[in-house]
Amino acid sequence: MKAFAKISAKNRHRKENFQGYLFITPLFLFFVIFTALPVIITLFYLGFTKYNIMNSPQWVGLENFKRLLQDSSIPQIAWNVIRLPLFLVPAHVCCSLLLAYGVYRIGNKYLKHICRTAIYFPAIATTASVSIAWGYLFNKDLGVFNWALKELGIITEGIPWLTSSKFAMISIVIFSIWKFSGLHFLYYLIGFENIPVTYYEAARIDGAGEWTLFRKIVLPLLTPSIFYVLLTTMIGTMQAFDEPYFLTHGGPGDNTRTVAMFIYEKAFQSYDMGYASSVAALLFIAVFILTALQLYLQRKWVNYDYE
């Protein structure tokens, strides 16, 4: 009987494993066909070819990478890859955290639902549609921002938000904070909800104030959420496309042209697929290295210990 029961349990275990693999097979195939294979082909083949869709790829070795070193647009675009995360990563991490903590501390559940919906709503709106409205808000002559600043006496002339090399990147940062903070806000809010209430009660019994409570209890226990937002924001901003494409079109000049825009222009406007693939390969390697570094460093500061 024992031997029969053991065989039966083993068969049941195999059946459950088979069912599990069967459930993940469609998603796995989708990932392999539309993500893994294109990445492998780009990294190890297309980046070393001359390819314009109409003709078969021709192997050119390292010519595309040599061309990168001679391209006058690359230094500014490479700087934008660094500059945009330097602005946006701290902004998204901090703004979303403060918004989430403020909403979490609201006692009235109806008011909390209203605030949560209002903050999250921009994240579900399409970037193309809202960027048109923001284009009018940033308008030099008729925009709301310049009107408000003039009324407050801060400026006397309209600021060319979208056409000035000084303000174009700032405009993208402002728009990105409004558009995408709601998504990160939701991650933080879930993190706050998952912190055991007993920790707050014990700290208050010991006489901890709000600032001490936030610094000693909330932040350490929220580090998994902070790490996730930090990682996804860094990856997203290094590959930013929507914000500069719709707001500034990469201008003035190459001032706000991101590497994703550069790849798109070379691949689908100039049909220089080989050169675009070489740039995409370098971007992938850079993102992969920084992601691996973040995953390694998170072991030193992220706290996964709860009750």
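Serine 176 makes a good starting point: setting aside residues up to four places away in sequence, its contacts are Leu88, His92, Ser181 and Glu243. The model you are looking at is a predicted one, and in it serine 176 sits within helix α7, which covers residues 168-194. Is serine 176 buried or exposed? Its relative accessible area is 1%, so serine 176 counts as buried.

Stay with helix α7 for a moment and look for its partner, helix α9, made of residues 210-238. Before going on, a word on how such pairs are read: two packed helices are described by the angle between their axes and the distance between the axes. For α7 and α9, the axes approach within 9 Å and cross at roughly 155°. Angles over 145 degrees count as roughly antiparallel, and therefore α7 is roughly antiparallel to α9. The crossing itself is right-handed. On the α7 side, the residues that take part are His184, Tyr187, Tyr188, Gly191 and Phe192. They meet a set in α9 made up of Val218, Leu222, Ser225, Ile226, Tyr228, Val229, Thr232 and Thr233. Sorted by class, this contact holds eight nonpolar and five polar residues, with no charged ones. You may notice the spacing of the names along each helix. An α-helix has 3.6 residues a turn, so residues three or four places apart point the same way.

Now move along the chain to helix α11, residues 259-268. How many of its 10 residues are buried? Seven are, which leaves α11 mostly covered. Those buried residues are Val259, Ala260, Met261, Phe262, Ile263, Glu265 and Ala267. What do they pack against? Their neighbours are α3 (74-104), α9, α10 (242-247) and α12 (273-301). Helix α9, already met as the partner of α7, is thus also one of the helices packed against the buried residues of α11.

Among these neighbours, α12 is worth a closer look. The axes of α11 and α12 lie 7 Å apart, and the two helices pack at an angle of about 160°. That angle makes α11 roughly antiparallel to α12, and α11 passes α12 in a left-handed crossing. From α11 come Val259, Phe262, Ile263, Lys266, Ala267 and Phe268, while α12 supplies Met273, Tyr275, Ala276, Val279, Ala280 and Leu283. By class, there are 11 nonpolar residues in this contact, no polar ones and one charged.

A different spot to visit is lysine 66, in helix α2 (residues 63-70). With a relative accessible area of 46%, lysine 66 is partly exposed. Lysine 66 and glycine 274 are 208 residues apart in sequence, yet their C-alpha atoms are 13 Å apart in space.

Finally, step back to the whole protein. It has 12 helices and two strands, and from the N terminus the order is one helix, then the strands, then the remaining helices. Of the contacts with a separation of 6 or more, 66% join residues 24 or more positions apart. Buried residues account for 38% of the 307 in the protein. The C-alpha trace spans about 70 × 65 × 35 Å along its principal axes. The radius of gyration is 25 Å, whereas a compact globule of 307 residues would have one near 19 Å.

Conventions. Residues are numbered from 1 along each chain as its sequence is written. This is a predicted model: local features need pLDDT of at least 70, side-chain atom pairs count only at pLDDT 80 or more; totals for chains, interfaces and linings use all residues. Side-chain values use heavy atoms; hydrogens and water are left out. Helices (H or I, at least four residues) and strands (E, at least two) are DSSP runs, numbered from the N terminus. Buried means under 20% relative accessible area, exposed over 50%, partly exposed in between (1.4 Å probe, protein chains only). Contact means heavy atoms within 4.5 Å. Axes are lines fitted to C-alpha atoms, for helices over the stretch in contact, and angles run from 0 to 180 degrees between N-to-C directions. Angles under 35 degrees count as roughly parallel, over 145 as roughly antiparallel, 65 to 115 as roughly perpendicular and the rest as oblique. A crossing is left-handed if the near helix is turned anticlockwise from the far one by less than a right angle, and right-handed if clockwise. Ala, Val, Leu, Ile, Met, Phe, Trp, Tyr, Cys and Pro count as nonpolar, Asp, Glu, Lys and Arg as charged, and the others, Gly among them, as polar. The radius of gyration is taken over C-alpha atoms; the globule rule is 2.2 Å times the number of residues to the power 0.38.
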